[in-house]
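Trainee: Hey, I've just opened this one and don't know my way around yet. Can we go through it together?
Mentor: Sure, pull it up and ask away.

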Amino acid sequence: MSAASQAPSERPLYRHTQRGTLMIASFVLAGAFVLHQLIQGGASWLWALLAVAVAIGFTFSSLTVTITSSVLTAAFTPGWPRKVERLENIAQARVVRNPWYYGWGIRLTPHGTLYNVSGLDAVEIRTNQGKTFRIGTDEPEAMVQAIQRATGRSVGMESKPGAYPSPQVK
C-alpha cells in the first residue's frame, strides 16, 4: 500500500478534528463584504473573488488528524489537501509551539511544512529521512501519545525548549 493510500477498512486508532473558528469568521466577513459590494453594483470580477473566498474558507475550516495502525493522515475539510505519512517512517514526534506569524493553512516554515487551521500548538514530526513537518492541533500531547501507541515504540517525545512539558506515557 502506498503512503498516499489508506485501506478503507483500517479502523482509526485516533481521530480528532479541530475547527478553525477564527479562519471561518475571517472568510465569512470577507465574503459578506464582497457580497455587499456586489449588491451595491460592484464590478463583475467580484463574483470570482467571492467564489475564491468561499472555497478557501470551506477548505481550511477544519483539520482532521487520523492515525491508523499504518498511517497518519492530516486532512483539511474536503479531504484534500492532506498529508499522509506511514507510521514506520516516523522517527520522532514532539509537541511544539509555533510563532503567531506562521499562520493558518499550509505554510512553509523553517521547520518544514505546517498544516494548521487554528492556534499555536502543533506536533512536529521528523521522518527517518530527516525531513520535518508540523501538524497544528489543540491536543498535541494526545496526538503524540497516539503516535506512540500506534507505532508501539518511543518516537522521541521530548518537547522543544519553550514548548509544553513532555507527556508521560505509562
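Mentor: One term before we start: contact here means heavy atoms within 4.5 Å. Also keep in mind that this is a predicted model.
Trainee: Okay, so which residues does Ile-67 touch?
Mentor: Leaving out residues up to four places away in sequence, Ile-67 touches Pro-12, Leu-13, Tyr-14, Leu-72, Leu-87, Met-143, Ala-146, Ile-147 and Ala-150.
Trainee: And how many residues does the largest nonpolar core have?
Mentor: It has 25 residues, and Ile-67 is one of those with the most contacts inside it, along with Leu-72, Ile-125, Ile-135, Met-143 and Ile-147.
Trainee: Which elements supply at least two residues of this core each?
Mentor: Strand 2, strand 3, strand 5, strand 8, strand 9 and helix 3 do. The largest share, 5 residues, comes from helix 3.
Trainee: Switching to charges: how many salt bridges does a search of the whole structure find?
Mentor: The search finds 5. One of them pairs Glu-124 with Arg-94, with the closest N and O atoms 3.2 Å apart.
Trainee: Where in the chain do those two sit?
Mentor: Glu-124 is in strand 8 and Arg-94 is in strand 5, 30 residues apart, so the pair links distant parts of the chain.
Trainee: Buried or exposed, those two?
Mentor: Both Glu-124 and Arg-94 are buried. Salt bridges with shared partners also tie Arg-94, Glu-124 and Arg-134 into one network. Between the side chains of Glu-124 and Arg-134 there is a polar contact of 3.0 Å.
Trainee: Why does Glu-124 count as buried?
Mentor: Because its relative accessible area is 2%, and buried means under 20%.
Trainee: What about Glu-88, which residue does its side chain meet in a salt bridge?
Mentor: That's Arg-86, at 3.6 Å from N to O. Glu-88 counts as exposed because its relative accessibility is 58%.
Trainee: Let's look at the surface. Which residues form a nonpolar patch there?
Mentor: Leu-35, Ile-39 and Trp-47 do, with about 350 Å² of accessible area together. Trp-47 lies in helix 2 and is exposed, at 52% relative accessibility.
Trainee: Last one: where does Thr-68 lie?
Mentor: In the loop between strand 2 and strand 3. Thr-68 has a relative accessible area of 0%, so it is buried. Its side chain makes a polar contact of 3.2 Å with the side chain of Glu-10.
Trainee: Great, I'll go and find those.

Key: Residues are numbered from 1 along each chain as its sequence is written. This is a predicted model: local features need pLDDT of at least 70, side-chain atom pairs count only at pLDDT 80 or more; totals for chains, interfaces and linings use all residues. Side-chain values use heavy atoms; hydrogens and water are left out. Helices (H or I, at least four residues) and strands (E, at least two) are DSSP runs, numbered from the N terminus. Buried means under 20% relative accessible area, exposed over 50%, partly exposed in between (1.4 Å probe, protein chains only). A polar contact is a pair of N or O atoms within 3.5 Å; within protein, one must be able to donate a hydrogen and the other to accept it, and residues adjacent in sequence count only if both atoms are side-chain atoms. Patches are made of residues with over 30% relative accessible area and no salt bridge: like charges are joined within 9 Å, nonpolar side chains (Val, Leu, Ile, Met, Phe, Trp, Tyr) within 5 Å. Accessible areas come from the Shrake-Rupley method with a 1.4 Å probe; for residues, only the protein chains shown count as cover. A salt bridge is a side-chain nitrogen of Lys or Arg within 4 Å of a carboxyl oxygen of Asp or Glu. A nonpolar core is a set of buried Ala, Val, Leu, Ile, Met, Phe, Trp, Tyr and Cys residues joined through side-chain atoms within 4.5 Å.
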